[in-house]
Amino acid sequence: MKGEIAIQREHPTPASEPVDTLSATRPFLRVQGLKKYFRLRGGSFGLAGAYVQAVDGVSFVVATGETLGVVGESGCGKSTTARLLMRLIEPDEGQITLQDRNVGGHNGMSLRTLRRQVQLVFQDSYASLNPRHTMAEEVGFGLIAQGIKRAEARRRANEVLELVGLEPAIFADRYPHELSGGQRQRVNVARALALSPQLLLLDEAVSSLDKSVEAQVLNLLIEIKNRLNLTYVFISHDLNVVRFISDRVLVMYLGKVVETGPVEKVYTAPGHPYTRALIASRLSMDPSRRVEAAPVAGDLPSPINPPSGCRFRTRCPFAESVCSLREPPLEAFGDDPAHSAACHALIPGSGHSRAPAPGGEPSTRANGAPK
Amino acid sequence: MLWYVLRRLVYILPILFGVSLVCFSLLHLAPGDPMTAVMPEFGSEELIEQIKRSYGFDQPLPVQYFRWLLAVLSGDLGTSIVQDRPVWNELAPALVNTFQLAVFGVAISLVAGIGLGLLAGYTRRLVADRAITTTAIVGVSVPHYWVGLVLIAIFAVSLGWLPAMGKAPPSDAFGFDDVRYMILPAITLALIPTGIIARSVRATVIDVRKHEFVQTLHANGLPQRRIFLHVVKNASPTVLAIIGIQLGHLVGGSILVETVFAWPGTGYLLNNAIATRDLPLLQGTILVLATFFVLLNFLVDLAQPFLDPRMKRH
Amino acid sequence: MARRTTYVDETLTPQIAGGRTRIQRTYWQAARRRLVRDPVSMGCISILSLMVAAAIFAPWITPHDPYVTSIVNRLKPVGTPGYLLGTDELGRDMLTRLIYGGRISLLMGLLPIAVATLFGSVLGVVAGYFGGKTNMIIMRVADVFFAFPSVLLAVGLAGALGAGVVNVLISLSLVFIPPITRVAEAATTQIRTQDFVEAARATGASAPRIIIGHVMTNVSSPILTYASSLIGLSIVLASGLSFLGLGMSPPLADWGLMLNTLRQSIYLAPVNAVLPGVMILIASVCFNLLSDGLRTAMDVKP
């Protein structure tokens with residue numbers, strides 16, 4: 001992890017890295033124009049119509065067998081996206097396609113089927129497990145809900161507990177308060193695995209754990225993924241962890257995708273100024289290299305009244321008039337077609353002073369954006 | 001601030017509407033035809049016809065309700081069946097009597113409650129603590145109408161110090177005799193609020209004394225009087241809220257105590273209304289008392305932010 | 001690069017050693033255990049059990065007939081031989097009538113709470129779980145009933161319905177449904193936003209299943225604790241309504257009604273006249289103390 005940005009500029013990541021899964025395999029999950037505005041309560045007389053634009057037009061694909069990392073500051077819409085994917089919240093707009101089948105709608109996939117194929121792992125907290133349920137009850141609850149007999153559910157619960165490294169004889173009849181944080185998180189994973197899903201959404205799944213426990217759980221997740229041929233969407237604010245586990249990364253800011261691409265590309269040659277600031281500010285493994293300053297200057301703007309045009313412009317050092325006029329589309333830049341960002345400074349002919357000339361050399365474009 | 005008042009107002013209007021609906025339906029809860037409930041048992045033909053017309057029982061229920069509501073809003077609470085007088089004429093003097101007693105009761109509970117609370121808060125010994133907790137439990141458990149009977153048995157029957165029941169015969173000036181009749185019922189009424197105020201004052205005193213700034217004041221050698229002022233400032237919003245709500249409970253819930261002491265207030269009126277099945281009188285009295293209770297709570301809510309700056313944000 | 005980051009795979013060691021035998025206890029078992037160890041609660045349970053047992057077996061244990069009047073034996077003082085607690089204004093044995101009175105008085109205190117707990121929890125949990133319009137309608141109606149002082153509401157309803165035990169039961173149930181609904185709603189709202197409820201929804205479980213399996217397991221203890229704290233008040237209120245003549249009809253015995261009929265004799269036999277109130281007080285204090293003990297016992301931190 002030393003000076004990779006400087007090094008990578010001279011030596012781009014070799015294409016042999018398993019990054020370009022997108023074009024090779026059929027997408028497992030396709031999300032198009034996902035949108036969710038939350039209506040604000042309050043105001044008086046029920047007239048006030050303020051909305052929080054939690055997720056605003058998010059599109060992405062997840063290939064079978066890959067791990068997509070989703071990063072961004074808290075409040076950027078990562079968790080809402082996960083809940084929208086699970087249909088725990090109804091999206092206002094947008095289409096979710098799972099293995100070429102639409103979710104919801106008239107002849108689309110039923111929620112029941114969706115929830116057998118996609119499961120969500122929550123951040124460990126006391127709230128993630130029912131304090132009145134034993135681990136076997138908690139893990140087996142979903143199975144019973146899906147119509148499986150009690151004894152069979154119990155057998156399956158023991159099986160998945162074993163799979164996540166918790167000896168059923170010891171843990172099956174325990175209550176959450178009798179477990180450590182890491183053990184509880186394993187139960188969270190077991191509960192999600194009980195229904196034999198193909199895609200796991202991991203929402204800050206290791207964020208609240210101690211570093212050493214975090215490492216164990218991460219390794220467990222990788223092991224399970226390989227063993228069961230799972231696909232992961234890994235949501236976290238911890239850039240190091242995301243880099244460790246992901247094949248591709250999605251960077252979100254205020255409900256929008258600002259950059260996406262293979263993990264090494266995004267980490268070593270970030271295009272969007274926001275991504276760059278995030279990466280520059282993350283905690284280095286080497287304490288002497290840690291940056292004290294906040295990732296980006298200024299506060300996160302209100303998602304109720306997001307800035308016009310590019311949402312990042314209020315905190316962007318390179319903001320120009322074009323940024324407030326038009327919203328930059330997510331476009332490929334640089335030498336990898338899978339790597340794209342939504343920044344006027346990267347789009348040829350956008351009107352931004354730093355934008356590359358139309359038809360310019362792609363390799364200079366990546367570095368063309370100011371440092 | 002204006003927003004706050006308006007918001008509270010918007011909140012209580014539907015509640016007042018609901019209260020009026022409940023009171024209206026009290027008449028129709030009565031078993032059988034509401035007519036029979038309202039009719040005096042041996043009423044003459046004309047009287048029955050007159051009542052029928054005045055109540056408009058031939059109309060559909062929503063029409064009846066809005067007619068009734070309009071009448072109520074213009075100050076007409078209907079006609080008492082037994083007395084054949086407007087309900088309001090019965091109610092007005094009873095309300096005055098109930099208020100007299102309630103204010104007296106609140107005054108007693110204020111003095112006794114704050115006194116006991118301060119005492120308990122400042123001594124804070126184990127024994128005092130135990131005594132207060134036990135008193136509190138017994139206080140909320142005791143049937144206060146029964147305490148009224150016990151007080152009568154002791155002070156009126158055994159000792160003969162005070163009159164047992166009723167109100168002083170009317171005289172020109174409010175004098176000692178009036179007070180004598182009020183002492184026992186007022187003490188009975190004050191019982192529960194005293195306990196609640198004492199508990200709250202004690203908790204505030206302990207809380208304030210634990211606070212850093214008070215300990216700083218101590219350290220700076222400030223006189224006890226200044227510290228006491230801090231206690232007063234911190235405890236007053238809570239105590240005010242309690243007094244407001246308890247006053248409402250005293251006025252609204254004094255039916256039992258007034259019955260015990262034969263005090264000619266609204267409770268006594270209600271008791272008579274029930275005994276004679278005078279439903280219009282019952283309905284009117286409950287409507288007025290419940291409305292008063294809602295408005296009192298509203299006022300307490302309004303006053304809160306003025307006394308407690310932490311609540312200004314709302 | 002990142003893949004080289006030094007995450008060490010440590011062998012998983014269960015935090016609690018499996019070696020020692022662990023007594024398996026559910027939440028309710030633990031709560032019961034704590035309650036049993038509390039002397040005050042156990043004392044209250046004993047007194048209340050005695051009262052209930054005496055009321056149930058009244059015909060076999062009472063020394064006299066509760067209804068046979070005797071002009072000669074009117075208002076005998078407490079301690080009269082053969083009449084341990086004296087006699088009432090019609091010469092009936094007080095002890096006998098107090099024991100018989102417990103039948104109706106305790107029933108009128110307990111039954112409304114049971115009914116109100118049932119309806120209140122259903123309404124509150126439904127309002128809390130589904131939120132939105134459902135919540136608004138249920139809670140606004142509860143607010144309206146809350147706007148009445150409880151005594152006034154009980155008297156108004158019972159007064160309109162007319163005298164009778166059933167009417168008293170109905171009015172008291174209506175009085176206690178709104179507060180229990182509020183408590184159930186608040187507890188449910190708190191639970192429903194927790195991740196484990198979301199996780200249960202994510203497994204495709206239906207709303208009734210989640211309510212029974214996840215919400216009820218967590219809200220039942222605050223609801224029961226709160227409901228138990230209302231029993232004392234319910235007994236006091238029920239006796240109050242009887243005292244106003246809204247409950248039983250005279251020959252029958254009931255603590256509130258006895259207070260009412262003995263009131264006329266307060267000048268002649270003040271002790272006898274207040275005696276039924278002592279029973280109300282004991283029952284109400286015991287229930288309140290027991291409720292306190294229950295709250296402490298159920299407050300097992302998970």
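Here is a walk through a predicted model, starting with how far to trust it and then going chain by chain.

Residues are numbered from 1 along each chain as its sequence is written, while chains are lettered from A and ligands numbered from 1 in the order in which they are written. As this is a predicted model, local features need pLDDT of at least 70 and side-chain atom pairs count only at pLDDT 80 or more, though totals for chains, interfaces and linings use all residues.

Let's begin with confidence. The predictor gives the complex an ipTM of 0.78 and a pTM of 0.79. Residue by residue there is pLDDT, the predictor's confidence on a scale from 0 to 100. Chain C averages 81, with 90% of its residues scoring at least 70. Residues 1-21 of chain C are another matter, since pLDDT stays under 50 there. Where pLDDT is low, the predicted coordinates should not be read in detail. Chain B averages a pLDDT of 75, and 74% of its residues score at least 70. Among the elements of chain B, helix α2 (residues 34-38) has the lowest mean pLDDT, 55, and helix α11 (residues 255-261) the highest, 84.

Now for chain A, which has 14 helices and 12 strands. Helices (H or I, at least four residues) and strands (E, at least two) are DSSP runs, numbered from the N terminus. Of the 371 residues of chain A, 49% count as buried. A residue is buried if 20 or more other C-beta atoms lie within 10 Å of its own, exposed if 12 or fewer, and partly exposed in between, with C-beta atoms placed from the backbone.

For a close-up, find A:Phe234 in strand β8 (residues 231-235) of chain A. Why does A:Phe234 count as buried? Because it has 26 C-beta neighbours inside 10 Å. Two residues are in contact if their C-beta atoms, placed from the backbone, lie within 7 Å. Leaving aside neighbours within four places in sequence, the contacts of A:Phe234 include A:Thr67, A:Leu68, A:Leu202 and A:Ile245. The C-alpha atoms of A:Phe234 and A:Leu200 are separated by 8.2 Å, with the two residues 34 apart along the chain.

Next, look at where chain B touches chain C. Chain B brings 42 residues to this contact and chain C brings 36. On the chain B side, the elements giving two or more residues include α1 (2-29), α10 (224-253) and α13 (279-307). The biggest giver on that side is α7(B), with 8 residues. By class, the chain B side has 33 nonpolar, 9 polar and no charged residues. Here Ala, Val, Leu, Ile, Met, Phe, Trp, Tyr, Cys and Pro count as nonpolar, Asp, Glu, Lys and Arg as charged, and the others, Gly among them, as polar.

Finally, step into chain C. The axes of helix α4 (residues 94-130) and helix α5 (residues 132-146) of chain C come within 7 Å and cross at roughly 145 degrees. Axes are lines fitted to C-alpha atoms, for helices over the stretch in contact, and angles run from 0 to 180 degrees between N-to-C directions. Among the residues that meet are C:Leu123 and C:Phe130 in α4(C), and C:Ile138 and C:Met139 in α5(C). This contact has 6 nonpolar, 4 polar and no charged residues.

Further along is α6(C), where 11 of its 12 residues are buried. Those buried residues include C:Val151, C:Leu153 and C:Gly156. Just after α6(C), C:Gly162 takes a positive phi of about 100 degrees.
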